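Here's a walk through a two-chain model, written for someone who'd rather be at the bench. Have the viewer open and turn things around as you read.

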Amino acid sequence: MKIRTILAAGLMALGLVGATHADDGLDNPSRNPFYDGLKGKRVVFIPLAMGFDLTEGWAAIMRKQAADLGYTLEIRDPNWSTDAGTRALTALIAEKPDLIIAHNPDVQSYARLLKRAMDAGIKVIQLNLESVVPTDAYVGADWSRVGYIEADALVKQCGAGSGKSGKIAIIRGQPTAASDLYELYAYKQTFAKDPSIKIVSEQAAQYDPAKARAIMETVLQQHPDLCGVVGNWDNQDVGAGAAIQAAGKADDVYVVTSGGGNQIGCDNISKGLLDLIISYDVPLQGNAINQQIVQSLLSPAKAGESKTSYYTPLTLLTKDNIGARTCWQLDQLK
Amino acid sequence: MGKMRLSQEGVVFALAVAMFAIFALTLNNFLTAGNLIALVRSVSILGILGLGMGLVVIGRGIDLAMVATMVVSLSWVLSMAQAGTPFETALAYGFLLAVAIGLASGILIAYADIPAIFTTLAMGLVIYGSGRAFLFQIDVQNTPAGVAWFDFLGRGLLFGLPMPIAAFAVLAALIALLLLRTRFGRFIYAAGDNPLAARITGLPLRPLIVVQYVVSSLIAFLAGIVMAAAVSGMSTRVYNSTMIYDVLLVVVLGGISLSGGRGGVRNVLVGTLLVGVLLNGMTILDITYTTQNLIKSLILLLAIMVDSFINPRDEQTSQQSQGDI
């Protein structure tokens, strides 16, 4: 009996001690594993190239979190050269960083190397442009969905019942990139359902606005009654918009494209060069990739063990809904 | 040489005319004024660069740094203008940069005797790399608003022709005068035909080579101004495209021999015309990207084969070290 009382008193005392402690707050026991697990980790980002809105935006957001949480973020800039990107990846497989973030120039070039990296124990996240090989995670736009939304918007403008010619031009970007292939499939699927839609041109501008402009000038000569244009990227398709405006047809031809929601894109809508941008919202994507970086670094799963995708939300930007704060500027993200 | 000898220029011109005729007969709206203007307009910048490249190739050199010079000098100008430098001042800096690039290439080629193809290939990389590292951060530079003459250069009309076409025409006339009517022009032909003989007869061969590269650099700068005005900006990604090979295509296709000393402005015009007809026709026919590239490269290969068949390399050409590529 006595022993029990003493034990009970002791436990009560302990409880009391605990209670007084609680008044000083609690040291969150799950904090340390979070920070310790990230400290000193090495993350390497291989973009298509630095120096344009998408990659500069993501990099600004990723850098901020890296500095904040104490892991390093390096950027190997292949500057639009698939060769240089492949070399960087090969070198990284030997260097064994903790995590590689790859922005694929096309669906094939990096595919085998990304698999080799995972086999070597390096986790891999693919950002906004995926390859045919699924890796630990993909964070970015769902290009098929972007394509379906774009095509539906054009069908609404130019399809049966619109009273227009139904003539549509497709401006592709880099014909081997994920965005291009998945979008094209969606366009073709959607347009096939409406017999009044005619695809009169399908040319690649390789992300170059000057090339998009030259293509559109020629197409407009052939088809003065063109009804709509659907393109791969706002930075490229602004060239097509300029040709349409120069021909005085800005009100007759509806230009649909997609982009990162940068202020320049919004400005081009205000200028009447573009009509609809499906924005994959770079700041949102930046936050999503940051979250995925932390999760991948902390997860006990081995590289390549579990594969997830997160398709980032899409916003539709038109003349009617853009305001002063709809689009982002790089300085805001830094 | 007999009058019947087939010149490459003649072959290419006939080919361009034939293609033109076929497209005119088979494609709707090919032969409209609007389409023809669009056709020439789409290749006028290529043509301007071709004039510079042609001049250097006649002097038995090659300038693979032209696209890099164009992209970097103009991107620098535009980024300075955006940062608040008066546009004209920025242009003056860009002009000086282009001169400096031409001088550097020319001196390395003329005085250090490094083959032009390697010097300018490397120079292109150096220019582009240092531009990206030190001169501007963003790879697409927009033109400043409110510079009236610059907007006119991009969108204005001269005698009903869009300015890029007018600029191409004026520059072509100037270069033709330079090559045919000035001593400098005749010297370039002499040096290109046989550099050693030219030197023995007392031509200032090395300074002459330096000046050629300065001229080609300045033409690249001019092409940049026209391009920036026409598309309201300059994308440095142009450097990564196949543009420099398209410029070579125009020159070689037109019949300016890579072994130097032959050809003129007319050849550049013919080459530009053929490429223009080809690109326009292929776009109208909606030929796929890959097939277009294949057709273009096959034609370049064919032109180089015809070039070496019509202008065969003999013992004399192969023994000359200067600039033979």
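What follows goes from the overall build of chain A to the chain contact, the core and a few single residues.

**Chain A as a whole**

Keep in mind that this is a predicted model. Chain A carries twelve helices and twelve strands. Its C-alpha trace spans about 100 × 45 × 40 Å along the principal axes. For 334 residues, a compact globule would come out with a radius of gyration near 20 Å, but chain A has 26 Å. Of those 334 residues, 49% are buried. Look at contacts between residues at least 6 apart in sequence, and 75% of them in chain A join residues at least 24 apart.

Chain A splits into domain 1 (31–140 + 282–313) and domain 2 (143–279). The centres of these two domains of chain A, taken over C-alpha atoms, are separated by 31 Å. Where they meet, domain 1 of chain A puts in twelve residues and domain 2 of chain A eleven. On the domain 1 side, helix H3 (residues 53–69) of chain A supplies the largest share, three residues. That side of domain 1 of chain A is made up of six nonpolar, three polar and three charged residues.

**Where chain A meets chain B**

Now for the contact between the chains: 24 residues of chain A are in contact with 24 residues of chain B. On the chain A side, strand S7 (198–204), helix H8 (209–222) and helix H9 (234–246) each bring at least two residues. H8(A) gives the most, with nine residues. By type, the chain A side that touches chain B divides into eleven nonpolar, nine polar and four charged residues.

**Chain B and its annotated segments**

For chain B, an unreviewed UniProt entry places the feature "transmembrane region" at several stretches, including residues 37–57, 208–231 and 268–288. How does the model draw the stretch at 37–57 of chain B? The chain there is 100% helix and 0% strand, with the end C-alpha atoms 28 Å apart. Over residues 268–288 of chain B, the figures are 81% helix and 0% strand, and the end C-alpha atoms are 27 Å apart.

**The largest nonpolar core**

The largest nonpolar core has 197 residues, and the members that touch the most others are A:Ile100, B:Ile48, B:Leu49, B:Val71, B:Ala223 and B:Val226. Helix H10 (residues 205–231) of chain B gives the most to this core, with 18 residues. Domain 1 and domain 2 of chain A both give residues to the core, so it lies between them.

B:Val226 is worth zooming in on. You'll find B:Val226 in helix H10 of chain B. Is B:Val226 buried or exposed? It has 23 C-beta neighbours inside 10 Å, and the cut-off for buried is 20 or more, so B:Val226 counts as buried. Setting aside residues up to four places away in sequence, B:Val226 touches B:Ile45, B:Ile48, B:Leu153, B:Pro164 and B:Ala167. One of those partners, B:Ile48, is 178 residues away along the chain, yet the C-alpha atoms of B:Val226 and B:Ile48 are separated by 9.4 Å.

**Three loop residues in chain A**

Here are some loop positions to click on, with their surroundings.

| Residue | Exposure | Other C-beta atoms within 10 Å |
|---|---|---|
| A:Ser165 | partly exposed | 18 C-beta atoms |
| A:Asn79 | partly exposed | 19 C-beta atoms |
| A:Lys96 | exposed | 11 C-beta atoms |

A:Ser165 is found in the loop between helix H6 (143–158) and strand S6 (167–172) of chain A. Leaving out residues up to four places away in sequence, A:Ser165 touches A:Asp225 and A:Cys227. The C-alpha atoms of A:Ser165 and A:Val256, 91 residues apart along the chain, are 17 Å from each other.

The other two residues are ones to check for backbone angles. A:Asn79 has a positive phi of about 50°, although it is not a glycine. The loop that holds A:Asn79 runs between strand S2 (72–75) and helix H4 (82–95) of chain A. A:Lys96, also not a glycine, has a positive phi of about 55°. Its place is the loop between H4 and strand S3 (99–102) of chain A.

How values were computed. Residues are numbered from 1 along each chain as its sequence is written. Chains are lettered from A and ligands numbered from 1 in the order in which they are written. This is a predicted model: local features need pLDDT of at least 70, side-chain atom pairs count only at pLDDT 80 or more; totals for chains, interfaces and linings use all residues. Two residues are in contact if their C-beta atoms, placed from the backbone, lie within 7 Å. Helices (H or I, at least four residues) and strands (E, at least two) are DSSP runs, numbered from the N terminus. Ala, Val, Leu, Ile, Met, Phe, Trp, Tyr, Cys and Pro count as nonpolar, Asp, Glu, Lys and Arg as charged, and the others, Gly among them, as polar. UniProt positions are given in the numbering used here, feature names are shortened, and annotations may be inferred rather than shown by experiment. A nonpolar core is a set of buried Ala, Val, Leu, Ile, Met, Phe, Trp, Tyr and Cys residues joined through C-beta atoms within 7 Å. A residue is buried if 20 or more other C-beta atoms lie within 10 Å of its own, exposed if 12 or fewer, and partly exposed in between; C-beta atoms are placed from the backbone. Domain bounds come from an automatic or database domain assignment. The radius of gyration is taken over C-alpha atoms; the globule rule is 2.2 Å times the number of residues to the power 0.38.
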